[in-house]
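Colleague: Please take a close look at one charged pair for me, and then follow the chain outward from there. I'd like to know what surrounds the pair and how far the model can be relied on.

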Amino acid sequence: MRMEGEIATNTDPAGAWSLVVPLKPLARAKSRLGLAVGEQSRPGLALAFAQDTVAAALSCALVRDVVVVTDDAVAGAALSALGARIVPDAPAAGLNAALAYGAAMVRALRPGARAAALNADLPALRAEELARVLDCASAFPRAFLRDAAGIGTTFLSAAPGVELRPAFGGPSGARHLASGAVEIDLPALGSVRRDVDTGEDLRAARALGLGPHTARLAASLSPVPDR
């Protein structure tokens, strides 16, 4: 990996993908998880999820750079230290506007970039599984991966010159499919599908193997209740 200006880039010539990761201000992130882990632990876990997601993504041979769209100064500093480029949420109009803006920032620097949106709450993410998703996505103008529940979306891609057109939130899998994006349906992608919103999700991610930042915090928590 090397640095080009503000951006950490993978030196592998195959690393053609730029990933856009959105992150709410930590004070508002993962509100449902607070019911399971307590409000004091919630912001720290939200940051740890993002740190493990970004670190795993940057270690993937097919990823050139990661852009995090956030207005949170603490999160921005922590994720910048890992090698991500931080851009403010200038639209301030919700998740999908932030993702479209991040993709535009990527294309402003690299017009020919393959761009993809990736959830910030994938604490068990494995670089090799992400590489399989990216390799599959490279065959299509737009492609997406459903979350573990089969309802939402954890990944959406756009080929060079193709608009991302994100429609995240709620039953986004159906919306992305209806928009013409091709659904990625490969086995053994649990770490890329496993987003975390609840205590049950966190236990499922722990079974897959948490990244180091989340593992450290999760070890100090009481057993996570079923909420």
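Modeller: Happy to, and let's start with Glu183, which is partly exposed because its relative accessible area is 29% (buried is under 20%, exposed over 50%, partly exposed in between, with a 1.4 Å probe and protein chains only). This is a predicted model, in which local features need pLDDT of at least 70, side-chain atom pairs count only at pLDDT 80 or more, and totals for chains, interfaces and linings use all residues. Residues are numbered from 1 along each chain as its sequence is written, and side-chain values use heavy atoms, with hydrogens and water left out.

The partner of Glu183 is Arg146: the two form a salt bridge, with their closest N and O atoms 2.8 Å apart (Lys or Arg side-chain nitrogen within 4 Å of an Asp or Glu carboxyl oxygen). Glu183 sits in strand E9 (residues 182–183) and Arg146 in strand E7, so to speak two distant parts of the chain, 37 residues apart, are linked by the pair (strands, E, have at least two residues and helices, H or I, at least four, as DSSP runs numbered from the N terminus). Unlike its partly exposed partner, Arg146 counts as buried, at 16% relative accessibility.

This bridge belongs to a set of seven in the structure. Another joins the side chains of Asp197 and Lys30, at 2.6 Å from N to O. Asp197 lies in the loop between helix H7 (190–193) and helix H8 (199–208), and Lys30 in the loop between E3 and H1, so this pair ties together parts that are 167 residues apart in sequence. Asp197 is partly exposed, at 23%, while Lys30 is buried, at 17%. Asp121 joins Lys30 and Asp197 in a network of salt bridges. A further bridge, at 3.9 Å from N to O, is made by Arg64 and Asp65, and both of these residues are buried.

Leu33 gives another view of the Asp197 region. It is found in the loop between strand E3 (17–22) and helix H1 (34–37), and is buried with a relative accessible area of 0%. Beyond four places in sequence, Leu33 touches Gly38, Leu45, Phe49, Val196, Asp197, Thr198 and Gly199 (contact: heavy atoms within 4.5 Å).

From E3 we can step into the interior. The largest nonpolar core has 39 residues, and those touching the most other members are Leu19, Val66, Leu118, Leu130, Leu134, Phe155 and Ile184 (a core is buried Ala, Val, Leu, Ile, Met, Phe, Trp, Tyr and Cys joined through side-chain atoms within 4.5 Å). Elements that each supply at least two residues include E3, helix H2 (42–58), strand E6 (114–118) and strand E7 (142–146). H2 gives the largest share, seven residues. Leu19 itself, leaving aside neighbours within four places, contacts residues including Asp65, Val66, Leu118, Leu130 and Leu134. A separate core of 16 residues has Val20, Val69, Val87 and Phe144 among its members.

Helix H4 packs against some of these elements too. Its buried residues are Ala98, Leu99, Gly102, Ala103, Val106 and Arg107, and their cover includes E3, E4, E6 and strand E8 (153–158).

As for confidence, the chain's mean pLDDT is 91, and 91% of its residues reach 70 or more (pLDDT is the predictor's confidence in each residue, from 0 to 100). Please be careful with residues 1–14, where pLDDT stays under 50 and the model has 31 contacts beyond four places in sequence.
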